[in-house]
Amino acid sequence: MTDKFDDLMYQAGLTAQGGWDQMDDYDRTAILKFGELIVFECIKLAVFKGDSATGKAIKKHFGVEQ
């Protein structure tokens, strides 16, 4: 998990007491995967629109690899 994901989960309230720590591994994995899928959809859209530089910037910003 990257610092950016940590920050966004905090903003969404997932790291509040009774949130993230109370979830089982399945729930935590599913939430992280959902976040990665959203990031990759943004990357694909940027590349589809002919802006691979923005796609690379998004990938770097979130620190994700696929």
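V39 counts as buried, at 5% relative accessibility. The residue is found in helix α2. The model is predicted. Beyond neighbours within four places in sequence, V39 is in contact with F5, I58, F62 and V64. K59 lies 20 residues from V39 in sequence. In space, the C-alpha atoms of V39 and K59 are 7.6 Å apart. V39 also appears among the residues that line the largest pocket.

Helix α3 spans residues 52-62. Its buried residues are G55, I58 and F62. Viewed down the axis of α3, these buried residues fall within an arc of 60°, so they line one face of the helix. They pack against two helices, α1 (3-11) and α2 (25-48). Two of the contacts of V39, I58 and F62, belong to this buried set. The face of α3 turned away from the buried side carries A53, K56 and K60, which are exposed. Just after α3, G63 takes a positive phi of about 65°.

An aromatic pair joins α1 and α3. The count under the distance rule comes to one aromatic pair. The ring centres of F5 and F62 are 5.8 Å apart and the planes meet at 40°, so the pair is tilted. The pair links distant parts of the chain, with F5 in helix α1 and F62 in helix α3. The two residues are 57 residues apart. Both F5 and F62 are buried. Each is also in contact with V39, and each contributes to the lining of the largest pocket.

Further residues of α1 and α3 were examined next. K4 lies in helix α1. With a relative accessible area of 27%, K4 is partly exposed; the cut-off for buried is under 20%. Leaving aside neighbours within four places in sequence, K4 is in contact with H61 and F62. F62 is thus a partner of K4 and of V39. The C-alpha atoms of K4 and Y26 are separated by 21 Å, at 22 residues apart along the chain.

H61 lies in helix α3. At 47% relative accessibility, H61 counts as partly exposed; exposed begins over 50%. H61 and D3 are 58 residues apart in sequence. Their C-alpha atoms are 9.8 Å apart in space.

The loop between α1 and α2 contains G19. At 15% relative accessibility, G19 counts as buried. G19 and I38 are 19 residues apart in sequence. From C-alpha to C-alpha, the two residues are 21 Å apart.

The largest pocket has a volume of about 220 Å³. Its lining consists of F5, L8, M9, A12, L14, I31, L32, F34, G35, I38, V39 and F62. Helices α1 and α2 each supply at least two residues of this lining. α2 gives the most, with six residues. By residue class, the lining divides into 11 nonpolar residues, one polar residue and no charged residues. Gly counts as polar in this scheme, and G35 is among the lining residues. The tilted pair of F5 and F62 therefore has both members in the pocket lining.

Key. Residues are numbered from 1 along each chain as its sequence is written. This is a predicted model: local features need pLDDT of at least 70, side-chain atom pairs count only at pLDDT 80 or more; totals for chains, interfaces and linings use all residues. Side-chain values use heavy atoms; hydrogens and water are left out. Buried means under 20% relative accessible area, exposed over 50%, partly exposed in between (1.4 Å probe, protein chains only). Helices (H or I, at least four residues) and strands (E, at least two) are DSSP runs, numbered from the N terminus. The arc is that of the directions from the helix axis to the C-beta atoms. Contact means heavy atoms within 4.5 Å. On a 1 Å grid over the protein atoms alone, a cavity is a set of points where a 1.4 Å probe fits but cannot get out, and a pocket is an open set with protein on both sides within 12 Å along at least five of seven lines; lining residues have an atom within 4 Å of a point. Grid points are joined across faces, edges and corners, and a volume is the space filled by probe spheres set on the points. Rings of Phe, Tyr and Trp (its six-membered ring) pair if their centres lie within 6.5 Å; planes under 30 degrees apart count as stacked, over 60 as edge-to-face and the rest as tilted.
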